[in-house]
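Biologist: I'm new to this one, so could you walk me through it and tell me why things get the labels they get?
Modeller: Sure, let's put it up first.

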Amino acid sequence: MCAKGVIVLMERGFSPGDYEHMRRALRLAERGRGSAHPNPLVGAVLVKDGKVIGEGWHAYPGGEHAEVAALRSAKETAEGATLYVTMEPCNHWGRTPPCTEALLRSGIRRVVFAREDINPAVRGGGASYLRERGIEAEGGLLEEKAGEINRDWEKFVTTGMPFVTVKVAMTADGRIAARDGSSRWITGEKSRRKVHLMRRAADAVLTGIGTVLADDPELTVRKVPLRGARPPLRVVVDSRLKMPEGANLASGDPPTLIFTTPDHDRHKAEALRRKGVEVVEVKGGDSGVDLKEVLRFLGERGVVDLLVEAGARLNASLLEAGLVDRLMLFVAPRVFGGTEALPWIGGKGAEKPDEAMAFRWKRAVRVGEDLLLEGRI
């Protein structure tokens with residue numbers, strides 16, 4: 001940590017030790033990615049006399065919250081200890097009792113949390129409750145980092161809609177398929193493994209019927225172990241219900257959900273349902289299916305993190321509708337050239353430069369031979 005960072009922390013009342021313990025709590029929180037949803041990722045570290053005596057994280061809905069897990073794992077009594085937790089402790093009954101009550105019973109002296117819980121049922125209440133009962137409760141340590149790991153949950157809890165990431169594997173000239181329509185494989189093995197990590201972290205993976213007909217994808221997690229994460233729900237936008245009954249996505253394991261419009265093949269729908277596929281009818285939209293209705297439905301199902309692996313048309317429809325939060329662009333050191341290779345985004349497009357859809361770069365990293373460019377809308 002740089003000297004300037006230490007000075008800033010000390011000015012706010014936090015020590016370098018506080019910083020290090022909260023960084024550990026943030027790393028622990030990440031262990032719940034892919035399994036904790038629709039709950040937030042939370043990690044906790046219990047420290048007494050400068051020594052870590054317990055750690056925990058929230059692993060799955062209905063399971064112990066991070067604070068309680070850290071207390072349970074403690075190697076000695078928590079009397080007089082400090083708890084570092086990435087989110088303000090809850091003070092309400094949900095699937096589990098309030099964490100504040102467990103903290104009071106433990107005899108801890110101080111709670112340091114990174115970010116206030118923005119859930120209207122909690123916001124500020126947990127910290128105030130602890131302070132009123134004699135426990136020091138300080139917030140704001142590494143707040144931005146804590147918000148970043150729960151960016152999807154914060155959108156979900158405030159809007160009821162999932163956080164939408166559009167993933168693209170493309171050439172340096174922005175093409176996702178060659179002139180003959182083939183796309184396997186544009187990016188390298190390390191990029192493909194990274195995509196499977198993204199699928200493992202997602203609650204659902206969405207694609208369009210055009211991609212299904214062209215590539216017959218599986219949209220499963222294969223290159224990395226699930227390690228307690230749930231297989232993501234597979235979602236297809238298919239307004240006319242053209243899904244082949246023999247397609248990989250027409251199997252019921254892992255589950256597949258197809259969104260279609262009232263003008264669809266009823267006999268095909270019944271055949272797909274018999275195979276274990278869920279078919280849901282929503283109203284039509286500019287892209288065939290009303291995509292806002294799709295996202296609302298998925299939000300009601302508890303989909304917090306939605307990964308989109310689709311083609312040019314669906315990518316454009318989502319972006320033009322303002323429904324995308326993040327772009328993950330895997331760029332291979334290749335060029336297809338020509339005018340017939342498929343671009344990663346279609347639609348009418350901007351007529352003038354000042355009409356372009358704007359976003360900001362978040363980071364750029366090497367992934368094997370490829371570049372991963374992350375952008376936020």
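Biologist: What makes the span of helix H8 close to the one expected at 1.5 Å a residue?
Modeller: A helix here is a DSSP run of H or I with at least four residues, a strand is a run of E with at least two, and both are numbered from the N terminus. H8 covers residues 189–201, 13 residues in all. The expected span is 1.5 Å times one less than the number of residues, which gives 18 Å for H8, and its first C-alpha to its last reaches 19 Å.

Biologist: Before we go on, what sort of model is this?
Modeller: It's a predicted model, where local features need pLDDT of at least 70 and side-chain atom pairs count only at pLDDT 80 or more, while totals for chains, interfaces and linings use all residues. Residues are numbered from 1 along each chain as its sequence is written, and side-chain values use heavy atoms, with hydrogens and water left out.

Biologist: Which residues of H8 are buried?
Modeller: Buried means under 20% relative accessible area, exposed is over 50%, and partly exposed is in between, with a 1.4 Å probe and protein chains only. In H8, the buried ones are Ser 191, Arg 192, Val 195, His 196, Met 198, Arg 199, Arg 200 and Ala 201. Their cover includes E6, E8, E12 and E13, along with strand E15 (360–367) and strand E16 (370–376).

Biologist: What makes a group of residues a nonpolar core?
Modeller: The members must be buried Ala, Val, Leu, Ile, Met, Phe, Trp, Tyr or Cys, joined through side-chain atoms within 4.5 Å. The largest such core has 34 residues, and Leu 206, Phe 259, Leu 298, Leu 306, Leu 329 and Trp 344 have the most contacts inside it. Among the elements that each supply at least two residues of this core are strand E10 (256–260) and helix H11 (291–300). Another core, of 25 residues, lies apart from it, with Leu 71, Ala 81, Ala 102 and Ile 135 among its members.

Biologist: Why is Phe 259 called buried or exposed?
Modeller: Its relative accessibility is 0%, so Phe 259 counts as buried. Contact means heavy atoms within 4.5 Å, and leaving out residues up to four places away in sequence, Phe 259 touches several others, including Val 235, Val 280, Phe 297 and Leu 298.

Biologist: How many aromatic pairs are there?
Modeller: Two. Rings of Phe, Tyr and Trp (its six-membered ring) pair if their centres lie within 6.5 Å; planes under 30 degrees apart are stacked, over 60 edge-to-face, and the rest tilted. The centres of Phe 259 and Phe 297 are 5.4 Å apart with planes at 85°, so that pair is edge-to-face. Phe 259 is in strand E10 and Phe 297 in helix H11, so the pair ties together parts 38 residues apart in sequence. Phe 359 and Trp 361 have ring centres 4.9 Å apart and planes at 85°, so they are edge-to-face as well.

Biologist: Why does Trp 361 count as buried, partly exposed or exposed?
Modeller: Its relative accessibility is 52%, so Trp 361 counts as exposed. Phe 359 has a value of 35%, so it is partly exposed.

Biologist: How do you know which charged end sits over the ring of Tyr 129?
Modeller: The test asks for NZ of Lys or CZ of Arg within 6 Å of the ring centre and within 35 degrees of the ring normal. The charged end of Arg 133 sits over that ring, 3.5 Å from its centre. Arg 31 does likewise over the ring of Trp 57, at 4.8 Å.

Biologist: What makes Glu 148 and Lys 362 a salt bridge?
Modeller: The rule wants a side-chain nitrogen of Lys or Arg within 4 Å of a carboxyl oxygen of Asp or Glu, and this pair comes in at 3.9 Å, N to O. Glu 148 lies in helix H6 (residues 143–149) and Lys 362 in strand E15, so the bridge ties together parts 214 residues apart in sequence. Glu 148 also meets Arg 151 in a salt bridge, at 3.5 Å. A network of salt bridges links Glu 148, Arg 151, Arg 326, Lys 362, Arg 363, Glu 374 and Arg 376.

Biologist: Why is Arg 151 called buried or exposed?
Modeller: Its relative accessible area is 17%, so Arg 151 is buried. It's one of the buried residues of helix H7 (residues 151–159).
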